[in-house]
Amino acid sequence: MRYINRLVSPVIFIVVLTFAQVAIAQKSALKIDHAVSLTDVAKQQFHITTDIKNIHQPQLSLSLPTWAPGWYTVENYFKNVLRFRITDAKGAVLPMRMTKKQTWTIDTKGIEQIRIDYDYSATVLGLNQAKIASDFAFFTGIELFLEPVGHRDVPSTVKFQIPAGWKLISALKDTPDPMLFTAADYDTLVDAPVLMGSFDVTECEVEGKPHYFAAAPAGVFNAEKSKRYTEIWGKTIQAQSAIFGGLPYEKYVAFYFFMPAQSNASGALEHLNSYVAFSPGGERSTPEGIIGTGSHEFFHLWNVKRIRPAEMWPYDYSRENETPLLWVSEGFTNYYGVVATYRAGVTTKEAFLQRAADAAAGIEAPRLASISRRQIRRFRPGPDTTRRSHLVSHITRRGKTSRACSTCRSGTTRAANTIWTTLCVRFITSII
Ligand SMILES: [Zn+2]
């Protein structure tokens, strides 16, 4: 009996403590529901409503990001916000004060729920901007959604209201309602692009998971091209999955604009389970022509979105996040993006070597501009082992000098150069 008492008492204590912790957690967990409506396309404004319930704290701060991860420029998104107001459950306007850059604080003593609503002017098509055009609209959550400070891990929902006849695709988690999506936390919410309006979607399944290729405007990248792209993209995805042992998401979306961006935020940008890319369109845009970008951005879902410099996580959305390690994020991705298309059988050995040679030549330029490109291009694979050793020694030797491995947004480091060329040489020597 004494034995039982000794055993039961701690068990009861633990059970009571557990229930108490659950009760506290339930009491403190906010309920966050966003609504994004687009009713007047000509005005080029989204209307955002955010309902926050279960507030049990004397003050609550709300913050809008100033920059988008992956595109490292400060944009101060609040400059696009109009008619910003916060009301209580009865519709009374609550006074707010700016307590930090793009951050507002309200007193919530005795107030358990609030509504924030505002318009967002969406006039620029870019990787880190929002745009409403006559036949489509696009944004990424980072531009539109407020963070209830201190509640970053809280899930939320997003409900859309869009013009009649428009379609919508989002990287957010689907629900049975095609206009309702969920996000597991704030970082996931703001990392998800949304495209609505007129566009084409081609779906393919890779390792049992749905992958969507969304192309805008509709009809520009025809059905035959889209089908071919999803075929070679799927093989590339499988090649990358083999490196990491599986795909760490439920669905993936590639957003492609076959039109020019309206800012310098062009090119392509990676997200957790999606990427956004611009391509010129027309005859120059072919499946084989855009797969390089697709492979690169897809590799980023690991390298920079899930494997990243410590300084970058958790993101501080209020200011620049500095790190000396972007060369790892970009340089390694540059390399593996190319390797994956080769392993997938999408790129021939000759094409791979050409790209490697071009990259090496780019690294050496401009110091070797007069000789390197011509020299390196001479060293194609062939029976002549002298050629191979010359290629290897050339890249290795020159790789210890000068410029960074990455062509997109990375810092310039000697180490990056050396690592890239080492990887490159190892792979080249394995296939020649
Ligand atoms: Zn990149």
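Hi everyone, let's start with a sheet: five strands, open, in the order β18-β19-β20-β22-β21, and the pairing is mixed. Bear in mind that what we are looking at is a predicted model.

Which strands stand at the edges of this sheet? They are β18, residues 200-206, and β21, residues 268-270. Each of these two has a single partner strand, so one side of each is left without a neighbour in the sheet. As for the twist, neighbouring strands here are turned against each other by 15 degrees on average, if we ignore direction.

Let's look at the β21 end. The strand joined to β21 is β22, covering residues 274-278; the two run antiparallel, and three bridges hold the pairing. If you'd like one pair to find on screen, take Glu270, whose bridge partner in β22 is Tyr275.

Now for the helices on this sheet. Helix α4, residues 223-244, packs on the sheet and touches β18 and β19, the latter being 209-216. The direction of α4 makes about 35 degrees with that of β18. Then there is helix α5, residues 287-299, which lies across β20 (252-257), β21 and β22. Relative to β22, α5 runs at about 145 degrees.

Finally, let's step back to the whole protein chain. How many helices and strands does the chain have? The secondary structure comes to ten helices and 22 strands. The chain has 432 residues, and 40% of them are buried. And if you take the contacts between residues at least 6 apart in sequence, 68% join residues at least 24 apart.

That's my tour, thanks for listening!

Note on methods: Residues numbered from 1 in each chain as written. Predicted model: local features only at pLDDT ≥ 70, side-chain atom pairs only at ≥ 80, totals over all residues. Pairing = 2+ DSSP bridges. Helix = DSSP H or I, 4+ residues; strand = E, 2+ residues; numbered from the N terminus. Axes fitted to C-alpha atoms, helices over the stretch in contact; angles between N-to-C directions. Contact = placed C-beta atoms within 7 Å. Buried ≥ 20, exposed ≤ 12 C-beta atoms within 10 Å, placed from the backbone.
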